[in-house]
Amino acid sequence: MLAATLLAGVVAGCAMRPLPEPNAADALRAANLWPGTTVDDLHRGKQRYVQSCSGCHGLIDPHQFPQARWPGFVKEMTGRLQMSSNDVQDLTRYLVVASQAPRGN
């Protein structure tokens with residue numbers, strides 16, 4: 001089921017706009033779930049997303065799924081990769097927060 005959901009996201013993501021760029025408002029939203037989150041943390045998560053996830057599939061627009069779905073997707077997908085817990089946390093934070101970002105950012 002997850003694979004089918006992600007495949008649909010990949011197909012929809014083919015015409016994807018640029019990924020949201022983290023900013024101070026994103027860091028404030030992230031800090032509600034992960035206190036102390038900085039814009040740099042979110043930038044690292046974005047870089048990890050681009051570097052690690054695009055090796056297996058196309059990048060999915062974070063807006064494609066609600067914020068609550070991303071942690072499960074990240075947990076399942078990163079189980080196939082060798083990533084530190086800090087990298088997984090950065091990646092999760094970025095996708096959760098980017099899914100909430102106003103479109104066009």
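These are my notebook entries on a predicted model of one protein chain.

**Entry: the overall fold**

I started with the secondary structure and found 5 helices and 0 strands in the protein chain. Reading along the sequence, I wrote the pattern down as α-α-α-α-α. Next I looked up burial: of the 105 residues in the chain, 42% are buried. I also checked how far apart in sequence the contacting residues lie. Among contacts with a separation of 6 or more, 76% are between residues 24 or more positions apart.

**Entry: H4 against H5**

I then turned to a helix pair, H4 (residues 70–78) and H5 (residues 85–100). Their axes come within 9 Å and cross at roughly 145°. I noted the crossing as right-handed. Which residues of H4 meet H5? On the H4 side I listed Trp-70, Pro-71, Val-74 and Thr-78. Facing them from H5 are Val-88, Leu-91, Thr-92, Leu-95, Val-96 and Ser-99. Sorted by class, this contact has 7 nonpolar residues, 3 polar ones and no charged ones.

**Entry: the cavity**

How many cavities of 30 Å³ or more does the whole structure hold? My search came back with 1. The space in this largest cavity is about 100 Å³. I counted 12 residues in its lining, and those nearest the centre are Cys-53, His-57, Trp-70, Phe-73 and Met-77. Helix H3 (39–53), H4 and H5 are the elements that each give two or more residues to that lining. Which element gives the most? That is H4, with 5 residues. The lining is made up of 10 nonpolar and 2 polar residues, with no charged residue. Trp-70 caught my eye on the way, as Trp-70 is in the H4 contact with H5 and also among the residues nearest the cavity centre.

**Entry: Phe-73 and Met-77**

I picked two of the residues nearest the cavity centre for a further look. Phe-73 is in helix H4. Is Phe-73 buried or exposed? Phe-73 counts as buried because its relative accessibility is 4%. Across to Thr-92, 19 residues along the chain, I get 9.0 Å between C-alpha atoms. Thr-92 had already turned up on the H5 side of the helix contact.

Met-77 also sits in H4. Its relative accessibility is 19%, so Met-77 still counts as buried, the cut-off being under 20%. The C-alpha atom of Met-77 is 8.3 Å from that of Cys-53, with their positions 24 residues apart in sequence. Cys-53 is another of the residues nearest the cavity centre.

**Entry: Asp-26**

I went on to a charged residue, Asp-26, which I placed in helix H2 (residues 24–33). Is Asp-26 buried or exposed? With 6% relative accessibility, Asp-26 counts as buried. What does Asp-26 touch, leaving aside residues up to four places away in sequence? I found Glu-21, Leu-42, Val-97 and Ala-101. I also looked at Pro-102: Asp-26 and Pro-102 are 76 residues apart in sequence, yet 9.9 Å apart in space, C-alpha to C-alpha.

**Entry: Val-97**

I followed the Asp-26 contact over to Val-97, which belongs to helix H5. Val-97 has a relative accessible area of 3%, and therefore I logged Val-97 as buried. Beyond residues up to four places away in sequence, Val-97 touches Asp-26, Arg-29, Ala-30, Trp-34 and Leu-42. Leu-42 is thus on this list as well as on the list for Asp-26. My last lookup was Ala-31, which is 66 residues from Val-97 along the chain; their C-alpha atoms are separated by 9.9 Å.

**Entry: what I take away**

For H5, I now have a contact with H4 that includes Leu-95 and Val-96, and a touch from Val-97 to Asp-26 of H2. For H4, I have 5 residues in the cavity lining, with Phe-73 and Met-77 among those nearest the centre.

Technical notes: Residues are numbered from 1 along each chain as its sequence is written. This is a predicted model: local features need pLDDT of at least 70, side-chain atom pairs count only at pLDDT 80 or more; totals for chains, interfaces and linings use all residues. Side-chain values use heavy atoms; hydrogens and water are left out. Axes are lines fitted to C-alpha atoms, for helices over the stretch in contact, and angles run from 0 to 180 degrees between N-to-C directions. Helices (H or I, at least four residues) and strands (E, at least two) are DSSP runs, numbered from the N terminus. A crossing is left-handed if the near helix is turned anticlockwise from the far one by less than a right angle, and right-handed if clockwise. Contact means heavy atoms within 4.5 Å. Ala, Val, Leu, Ile, Met, Phe, Trp, Tyr, Cys and Pro count as nonpolar, Asp, Glu, Lys and Arg as charged, and the others, Gly among them, as polar. On a 1 Å grid over the protein atoms alone, a cavity is a set of points where a 1.4 Å probe fits but cannot get out, and a pocket is an open set with protein on both sides within 12 Å along at least five of seven lines; lining residues have an atom within 4 Å of a point. Grid points are joined across faces, edges and corners, and a volume is the space filled by probe spheres set on the points. Buried means under 20% relative accessible area, exposed over 50%, partly exposed in between (1.4 Å probe, protein chains only).
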